[in-house]
Amino acid sequence: MHDDIGKTEASLVAARREHLAALRSSGRDPFSQTRFERSSVRDALASVEPALAAPVDCDDAALALPIAFDRLAELFAFVVAEQPLAAQRLRLAGRVLTRRGMGKTSFFDLADATASKLQVYARRDDLGEEPFTALSHVERGDIVGVEGYLFRSKMGELTLHATALEVLGKALAPLPDKWHGLQDVEKRYRQRYVDLVVNPEVRATFLARSRILSEMRRFIDAQGFHEVETATLLHVAGGAAARPFLTHVNALDAQMQLRIATELNLKRLIVGGMERVYEIGRIFRNEGIDTSHNPEFTMLELYAAYWDVNDMLAFNEALMEHLARVVTGGTTLRVGEHEISFARPFDRIGYLDGIARYSHGRFTRERLLDPAGAATILEELGMPPSPTHGHALDKIFERVLEPHLIAPTFVTEYPLAISPLAKRVPGDPEMTQRYELFCAQMEISNAFSELNDPDDQRTRFESQIAQRAQGDEEIPEPDWDFVRALETGMPPTAGIGIGVDRLVMLLTGASSIRDVILFPLQRQHG
RNA sequence: GGGGCGUUAGCUCAGUCGGUAGAGCAUCGGACUUUUAAUCCGCUGGUCGACGGUUCGAAUCCGUCACGCCCCA
């Protein structure tokens, strides 16, 4: 790949510049246009006989919005012929996707933000000789505004019959194939704007992501949570097991780290009495890139004072079902070859029980909770040795239990060794009040009753220092101020982290995290 | 880090056994007043990812590198 422009491409650009020059010389410079008033849903309804209009369920604010192409069919279902609506003056705008010129008439397909298109019909006899000639300089990729009325074509397609048309923007770069779109995945990510223009399903995916985020906020806000923004630049990035990105702050002449979680700062807010807080924020982890990992990704973390892990589980379950309903209209989703249901209740399985079950009883609690025992399990599985007990447990889990977690499943009660911030299970101090939610073999959320005993927290940080010394570089340095925060007193609290990108993958059927991140990290061209 | 696959016209893709490169779409010219991947006629368009090697001759074989995708660790 190199960025030098080829001769063919140069001639395509030159041809487009000639069309631009022609438009300018006829006083229709596309780049001098400043605005175009588009018809609102209310305008559209007002222009037709009330008796004909289908009932529309939307509030005043929605009525004032421009008509989205995906609503045209619903709003104008009654349009059957050419004549009844000739008095109507609808104004719609979009990007030209295809042109079908037929001498003295022409058809255009326009795209807006939705995955639907609008067909426009232009005729010389309606537009006049000179404007129709100007129209011949409108090409695929250009942005146009059209005024006209709707009718149904011979083939039954709802079509805007143009009475006036203006060019609002010109595409100088040639667009990809109108039928195949842009397939080259590398170019799709590097030039996402082109991907979005020519691949409507990509626009639909990112609009779905936006809807998921706003529904998530709505659902959470309705339960009295406050959205907050904590620092991304930290002296010590903690709250998760991951290597941080390093940066330098000139004003302080200090090396700092980008956050790997929002956990510790959000719990500081719980200590401060904010009681119900959440943050939807970008997290940075200096790790590998694959179909389910991007070095920067979005996480929802939420903390509720006076809740325990079971309250959080119920909240999590309700949130997931709600989002599934909003996005898909139902509770079942296709993920690869599996059909999975988000109808409550989700499956539950104990961490230790699950590993015991899928190892046919070979990997017992006693072996797993003993560092030496876990090491022998790794050997039996033919896996390389781990630097720490916690690392070994993670590897065993990934190999033995995770592959079986297709339907939404809460894995409950995690060993203390891999849960440095979670409260112990009463009467079982080696285990914690924690669960993780898995779907389609992906970890979606992680929640627990938060450890609020500062002495216990200090002890666990100290054991993390030992783990770091054993060579596990993903174990963060202790954040001793966090212990001081707990010494200030934290109510019993439950917290959760949800991987937003993976959740969007599930709900949109994306198989790669790159398909739900607008600008995934790519290596720079040599 | 290891393995596999890919990179050919603006886009989507062919390219046989090693003999100096093809199609469709787009562009350009022409016809066409309800088309919808419009159609019909005609013409253009190439640093075959980069570099090196083998060969009389390389898109094709070999090596190195770049970028990407997939799988594994």
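These are my notebook entries on a few things I looked up in this structure, which is a predicted model.

**Entry: the surface near RNA strand B**

I began with the RNA and asked which residues come nearest to strand B. There are 49 residues around RNA strand B, and Thr 8, Asp 125, Lys 178, Glu 186 and Arg 523 come nearest. I then looked at the RNA side of this surface: sugar and phosphate make up 64% of the atoms of RNA strand B that come within 4 Å of the protein.

Next I sorted the surface residues by kind. I got 19 charged, 16 polar and 14 nonpolar.

Which elements supply at least two residues each? My list has two helices, H1 (7-25) and H7 (185-190), along with the strands S1 (90-101), S2 (105-111) and S3 (117-123). H1 gives the most, with six residues.

**Entry: backbone atoms and the RNA**

I wanted to see where polar backbone atoms of the protein meet RNA oxygens, and noted three places. At Asp 177, a polar backbone atom is 2.9 Å from a sugar or linking oxygen of RNA strand B. Gly 181 also has a polar backbone atom by a sugar or linking oxygen of RNA strand B, at 3.1 Å. For Asp 184 the partner is a phosphate oxygen of RNA strand B, which is 2.9 Å from a polar backbone atom of that residue.

**Entry: Glu 436**

I moved on to a single residue, Glu 436, which sits in strand S17 (residues 428-439). Is Glu 436 buried or exposed? Its relative accessible area is 7%, so I wrote it down as buried, the cut-off for that being under 20%.

I then checked what Glu 436 touches. Leaving out residues up to four places away in sequence, I found Thr 409, Phe 410, Val 411, Tyr 414, Glu 443, Ser 445 and Asn 446. One of these, Tyr 414, has a further note: its side chain and that of Glu 436 are joined by a polar contact of 3.2 Å.

**Entry: a sheet of three strands**

Last, I traced an open sheet. In what order do its three strands lie? I read the order as S7-S9-S8, with antiparallel pairing. Strand S7 (233-234) and strand S8 (246-249) are the edge strands, as each pairs on one side only.

I followed S8 to its partner, strand S9 (residues 254-258): the two run antiparallel and four bridges join them. As a landmark for finding this pair, I noted that Val 249 stands opposite Ala 254 in S9.

Conventions:
Residues are numbered from 1 along each chain as its sequence is written. Chains are lettered from A and ligands numbered from 1 in the order in which they are written. This is a predicted model: local features need pLDDT of at least 70, side-chain atom pairs count only at pLDDT 80 or more; totals for chains, interfaces and linings use all residues. Side-chain values use heavy atoms; hydrogens and water are left out. Buried means under 20% relative accessible area, exposed over 50%, partly exposed in between (1.4 Å probe, protein chains only). A polar contact is a pair of N or O atoms within 3.5 Å; within protein, one must be able to donate a hydrogen and the other to accept it, and residues adjacent in sequence count only if both atoms are side-chain atoms. Contact means heavy atoms within 4.5 Å. A residue is near a molecule or strand if one of its heavy atoms lies within 4 Å of it. Ala, Val, Leu, Ile, Met, Phe, Trp, Tyr, Cys and Pro count as nonpolar, Asp, Glu, Lys and Arg as charged, and the others, Gly among them, as polar. Two strands pair if DSSP finds at least two bridges between them.
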